[in-house]
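Student: I have a structure open and want to learn how to read its features. Can we go through them one at a time?

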Amino acid sequence: MIYHRQTVKVSGFTLVELLVVIAIVGVLISLLLPAIQAARESARQAQCKSHLKQISLGVLHHEETRGYFPYGGWGHEWVGIAGRGSQAKQPGGWVYNTLPYLELGDLHALGGSPTDPNAGQRYARRLTTPICLFNCTTRRSCSTWPVSPSQAYLAEPKPAGRIEMAARGDYAINGGASHVFFHPGPVDLEQGDDSATDWPNAQLSTGISHLRFGAQASQVEDGLSHTYLLGEKFLNPDHYADGESLGDNETLYSGYASDLHRFTRLDLVPLQDTSRRLITSRGELRFGSAHPGGCHMAMCDGSVRFTSYDIEDRTHYYLGHRADLGAEPDKSP
C-alpha cells in the first residue's frame, strides 16, 4: 500500500507584509487627516459667517426701525437696563440694544428696576445666559466663562447683580478708525442722566457705534457696502477661558468696552489668534479671529466678507471710517 503525503498550503501575512500594510495605512491617514481638519474648519467658518450675517441683519433692523445704529452704552462698569430706551440714557451696549431685533426681547427685558429686591437675581441670570449666535465655534464653545478675581468691579456690575461667571462674545462692532478710548461710566444713574456730566466727546467717533453714540445710515458717506459694520475680534488664545484678557473680560451685555468695540487705526490691522503679541500690538483693540488666513467682517449693507490678515493698513483704515471720502488717514489715537 502506497501512502501519499498531502501538502496543505496555509495562506497568511508574513511579518514584513504586515508592517508594509501598517505603514501604508499610516501614510493614508496622514494624508487624509489634514483634509478632514480642513473640511471641519470650512464648516466652522461657514457657521461663523452665518452668525455674523444674522447679527448684522439684527443691527440693520435696529437702524431701520429707530433711525440710528445701536448706541455703545455708558461704559464697561455698566450693563443694560430695560425701559431706558436705546440712546444716551441707556447704559447697555450695542449687543444689549440689538437683542429685541434678534427675537431675544425676553432676555432684553430681564432685570427690571434696579431698586427691586429681586433685581440682582434677574440681572445675574441675564449676564450668565450665553447666546450661541455670538460665539465662533472655531474658537470656543457656547458657554459661560469665569470673572477674573483681579477685576472686582466685574463681579458686581452696575446697576445690579453679582456674578462669578459671564456670557461673552466673539464679535465686535466698528468703533472707527480713530478716537480710541475707554470709560468706566458714571458713578450712578443720577450722574449718568445729568446733562452736566463731563462725558468724553464720542461725536468725534468715525465708526458705527461708540460711547453714548450710534451713527445714522445717512452719516455713512463712503457707502454702506464700503464701510465695516461689525466683525470678528482678536483674542489672546492663552486667555480664552480665564477672563484675564483685556478684550474679553466684560459680559456680552455690558456697555462700551473693547470686548464689544474694535478699531481700524493704521497700526491695528487684523490678527490671527495664534499670534501671542497682545501686549505689544494692542490686540484688545483689533479685529481678528481664530480662523487661518483671515476674519469675517460684515459691511453696513449686510454683506459678509472674509478679510485677509494681510490687508493693507490704509485699506483697513478706510473701511473702518464711515466718511473718510478718500482723505489722508488721521494718525491721531
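**Reading the features**

Tutor: Start with helix α1, residues 15–66, where Leu15 has its place. Keep in mind that this is a predicted model.

Student: Is Leu15 buried or exposed?

Tutor: Residues over 50% relative accessible area count as exposed. Leu15 has a relative accessible area of 63%, so Leu15 is exposed.

Student: Which residues form a nonpolar patch on the surface with Leu15?

Tutor: Leu18, Leu19 and Ile22. Together with Leu15, these residues have about 420 Å² of accessible area.

Student: Now the sheet. In what order do the five strands lie?

Tutor: Read across: β7-β3-β6-β10-β11. The sheet is open, and the pairing is mixed.

Student: Which strands stand at the edges?

Tutor: β7 (261–263) and β11 (304–308). Each has a single partner strand, so one side of each lacks a neighbour in the sheet. From one strand to the next, the twist averages 40°.

Student: How many bridges join β10 to β11?

Tutor: Five, and the two strands run antiparallel. Strand β10 covers residues 294–299. For one bridge, look at Met297: its partner in β11 is Arg305.

Student: Next, the aromatic rings. What describes a pair?

Tutor: Two values: the distance of the centres and the angle of the planes. Planes over 60 degrees apart count as edge-to-face. This structure holds nine aromatic pairs. Take Tyr68 and Tyr71: the ring centres are 5.4 Å apart and the planes stand at 75°, so this pair is edge-to-face.

Student: Are Tyr68 and Tyr71 buried or exposed?

Tutor: Both are buried.

Student: What kind of pair do Phe182 and Phe263 make?

Tutor: Their ring centres lie 6.0 Å apart, with the planes at 80°, so Phe182 and Phe263 are also an edge-to-face pair. This pair links distant parts of the chain, 81 residues apart. Phe182 sits in the loop between β3 (171–176) and α6 (189–193), while Phe263 is in strand β7.

Student: Why does Phe182 count as partly exposed, and why does Phe263 count as buried?

Tutor: Compare each value with the cut-offs: buried means under 20% relative accessible area, exposed over 50%, and partly exposed in between. Phe182 has 30% relative accessibility, so Phe182 is partly exposed. Phe263 has 0%, so Phe263 is buried.

Student: Which residues form one aromatic cluster with Phe182 and Phe263?

Tutor: Phe181 and Tyr256 join them in that cluster. Find Phe263 in edge strand β7 and trace the cluster from there.

Conventions:
Residues numbered from 1 in each chain as written. Predicted model: local features only at pLDDT ≥ 70, side-chain atom pairs only at ≥ 80, totals over all residues. Heavy atoms only, no water. Patch = residues over 30% accessible without salt bridge, like charges linked within 9 Å, V, L, I, M, F, W, Y side chains within 5 Å. Areas by Shrake-Rupley, 256 points an atom, 1.4 Å probe, with all protein chains shown as cover. Salt bridge = Lys/Arg side-chain N within 4 Å of Asp/Glu carboxyl O. Helix = DSSP H or I, 4+ residues; strand = E, 2+ residues; numbered from the N terminus. Buried < 20%, exposed > 50% of the residue type's maximum accessible area, 1.4 Å probe, protein only. Pairing = 2+ DSSP bridges. Axes fitted to C-alpha atoms, helices over the stretch in contact; angles between N-to-C directions. Phe/Tyr/Trp six-rings, centres within 6.5 Å; stacked < 30°, edge-to-face > 60°.
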